[in-house]
Amino acid sequence: MADIKLQIVDREGGRHEIEAPTDMNMNLMEIVRTYELAPEGTIGVCGGMVMCASCQCYVNSNHPLPEKTDEEEAMLSEAFYVKENSRLGCQIPITAELEGLDVELAPES
Ligand code: FES
């Protein structure tokens with residue numbers, strides 16, 4: 001088991017330091033759901049298919065992240081509350097390089 005620590009700010013502004021496994025093929029959206037940091041049905045609505053943007057988050061640290069796919073770019077171009085550092089959580093796999101990642105959940109839309 002290799003866990004990393006993540007900082008996640010929920011939609012009410014509460015900050016959580018949580019541990020996420022790097023060996024379970026999970027993504028950030030699934031971690032947020034696992035820890036119930038957002039109410040059921042408000043995050044991960046499409047199940048990580050890049051079709052809903054409910055998993056949008058703002059990445060506040062400088063970690064190396066995978067490039068956005070065309071699908072992610074397209075989804076974010078239609079989403080609300082998008083900022084420079086917006087990403088879709090379901091497109092961020094949990095890897096050892098993300099130790100200390102600092103993200104904030106975007107408002108529900
Ligand atoms: S869960 Fe729907 S786009 Fe990420």
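## The salt bridge of Glu-40 and Arg-33

In this predicted model, Glu-40 is exposed, with a relative accessible area of 69%. The partner of Glu-40 is Arg-33, and the two side chains meet in a salt bridge with a distance of 3.4 Å from N to O. Arg-33 counts as partly exposed, since its relative accessibility is 33%, a value that falls between the limits of 20% for buried and 50% for exposed residues.

## Other salt bridges

The pair just described belongs to a set: the structure holds 4 salt bridges. Another of them joins Glu-19 and Lys-5, whose closest N and O atoms are 3.4 Å apart. Glu-19 belongs to strand β2 (residues 15-21) and Lys-5 to strand β1 (residues 3-9), so this salt bridge ties together parts that are 14 residues apart in sequence. Glu-19 is partly exposed, with a relative accessible area of 38%, and Lys-5 is likewise partly exposed, with a relative accessible area of 35%.

A further salt bridge is formed by the side chains of Arg-87 and Glu-72, at 2.8 Å from N to O. This pair links distant parts of the chain: Arg-87 is in strand β4 (residues 86-88), while Glu-72 is in helix α2 (residues 70-78), 15 residues apart. Are these two residues buried or exposed? Both Arg-87 and Glu-72 are buried.

## Ser-54 in its loop

Ser-54 is located in the loop between α1 (28-34) and β3 (56-59). Is Ser-54 buried or exposed? With a relative accessibility of 13%, Ser-54 counts as buried, because the limit for a buried residue is under 20%.

The side chain of Ser-54 reaches the backbone nitrogen of Gly-44 at a distance of 2.8 Å. Gly-44 also appears among the residues in contact with Ser-54 when neighbours within four places in sequence are left aside. The others in that list are Arg-11, Thr-42, Ile-43 and Val-45.

## Val-32 in helix α1

Val-32 is part of helix α1, and at 2% relative accessibility this residue counts as buried. Which residues does Val-32 touch, not counting those up to four places away in sequence? They are Ile-8, Leu-37, Ala-38, Ile-43 and Leu-105. Ile-43 is thus in contact with Val-32 and also with Ser-54.

A separation in sequence can be set beside a distance in space. Val-32 and Asp-10 are 22 residues apart in sequence, and their C-alpha atoms are 9.0 Å apart in space.

## Aromatic rings

A pair of aromatic rings is described by two quantities, the distance of the centres and the angle of the planes. The structure holds 1 aromatic pair. Phe-80 and Tyr-81 form this pair, with 6.4 Å from centre to centre and 55° between the planes, and the arrangement is tilted. The term applies because an angle under 30 degrees would count as stacked and one over 60 as edge-to-face. Phe-80 is exposed, with a relative accessible area of 55%, whereas Tyr-81 counts as partly exposed at 47% relative accessibility.

Another tyrosine, Tyr-58, has a charged residue over its ring. Lys-83 lies over the face of Tyr-58, at 4.2 Å from the ring centre.

Conventions: Residues are numbered from 1 along each chain as its sequence is written. This is a predicted model: local features need pLDDT of at least 70, side-chain atom pairs count only at pLDDT 80 or more; totals for chains, interfaces and linings use all residues. Side-chain values use heavy atoms; hydrogens and water are left out. Helices (H or I, at least four residues) and strands (E, at least two) are DSSP runs, numbered from the N terminus. Buried means under 20% relative accessible area, exposed over 50%, partly exposed in between (1.4 Å probe, protein chains only). A polar contact is a pair of N or O atoms within 3.5 Å; within protein, one must be able to donate a hydrogen and the other to accept it, and residues adjacent in sequence count only if both atoms are side-chain atoms. Contact means heavy atoms within 4.5 Å. Rings of Phe, Tyr and Trp (its six-membered ring) pair if their centres lie within 6.5 Å; planes under 30 degrees apart count as stacked, over 60 as edge-to-face and the rest as tilted. A charge sits over a ring if NZ of Lys or CZ of Arg is within 6 Å of the ring centre and within 35 degrees of the ring normal.
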